[in-house]
Amino acid sequence: MTAPAEGMKAPQFSLHRDGGESVALSDYSGRKLVLFFYPKDDTSGCTAEAIAFSQLQDKFDAAGVAILGMSPDSPKKHDKFIAKHELTVPLASDEEKTTLEAYGVWVEKSMYGRKYMGVERSTFLIDEAGKIEKAWRKVKVPGHAEAVLEAVTA
């Protein structure tokens, strides 16, 4: 499945999230949303990214922009991850990988010659009408949350 491009409608989702709650794209109707996809809770890059977005949460809030992280980890793993690192951003769980596939971030990866399926670290800025305003693919963590904040406040 190909990833939705800038200007296209963002794929809908309704998933379980941390804290035993659920979350849907429609929950953010009328508000911009930064949706960041990451491979796995409690790995070095994913932890750094979630902490960076958490540290900037107040600035995103001031700009009227919501943040939501998403990975294939379970809500229980998200709860532990949030507690361990004092994260402030909500984390959605896509264990079935349907949303990851819809956004084109569930891809074949390769490490040491071994091929496997995994999440391509990506971020989407979704506008108030549910369209993709900006997409960042193959994200490098250092400075990324700041770059996204700069884009939403520009």
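Reader: Hello! Where is the place of Lys97: in which loop?

Author: Happy to help, and please keep in mind that this is a predicted model. Lys97 sits in a loop that runs between two elements. One of them is helix H4 (98–102), and the other is strand S5.

Reader: What is the phi of Lys97?

Author: Lys97 is a residue other than glycine, yet its phi is positive. Its relative accessible area is 23%, and partly exposed covers the range between 20% and 50%, so Lys97 counts as partly exposed. As for the angle you asked about, the phi of Lys97 is near 70°.

Reader: Which residue in the loop between strand S6 (106–111) and strand S7 (114–119) has a positive phi, and is that residue buried or exposed?

Author: The residue in that loop is Tyr112. Although Tyr112 is not a glycine, it has a positive phi of about 55°. Its relative accessible area is 83%, and the cut-off for exposed is over 50%, so Tyr112 is exposed.

Reader: Now the sheet: in what order do the strands stand?

Author: The sheet is an open one with mixed pairing. It is formed by 7 strands. Their order is S2-S1-S5-S4-S3-S8-S9.

Reader: Which strands stand at the edges of the sheet?

Author: Each edge strand has a single partner strand, so one side of each is left without a neighbour in the sheet. The strands in that position are S2 (22–24) and S9 (132–136).

Reader: By how many degrees are neighbouring strands of this sheet turned against each other?

Author: This value is an average over neighbouring strands of the sheet. Direction is ignored here, and the turn comes to 30°.

Reader: Which residue in S5 stands opposite Gly69?

Author: Strand S4 (residues 65–71) pairs with strand S5 (residues 91–93) in the parallel sense. Their pairing runs over 3 bridges. Opposite Gly69, the residue in S5 is Leu91.

Reader: What angle does helix H3 (residues 75–85) make with S5?

Author: Helix H3 packs on the sheet, where it touches strand S1 (14–17), S4 and S5. Comparing the direction of H3 with that of S5 gives about 160°.

Reader: How far are the C-alpha atoms of Ala5 and Leu100 separated?

Author: Ala5 belongs to the segment before S1. With 38% relative accessibility, which falls between 20% and 50%, Ala5 counts as partly exposed. Along the chain, Ala5 and Leu100 are 95 residues apart. The separation of their C-alpha atoms is 15 Å.

Methods: Residues are numbered from 1 along each chain as its sequence is written. This is a predicted model: local features need pLDDT of at least 70, side-chain atom pairs count only at pLDDT 80 or more; totals for chains, interfaces and linings use all residues. Side-chain values use heavy atoms; hydrogens and water are left out. Two strands pair if DSSP finds at least two bridges between them. Helices (H or I, at least four residues) and strands (E, at least two) are DSSP runs, numbered from the N terminus. Axes are lines fitted to C-alpha atoms, for helices over the stretch in contact, and angles run from 0 to 180 degrees between N-to-C directions. Contact means heavy atoms within 4.5 Å. Buried means under 20% relative accessible area, exposed over 50%, partly exposed in between (1.4 Å probe, protein chains only).
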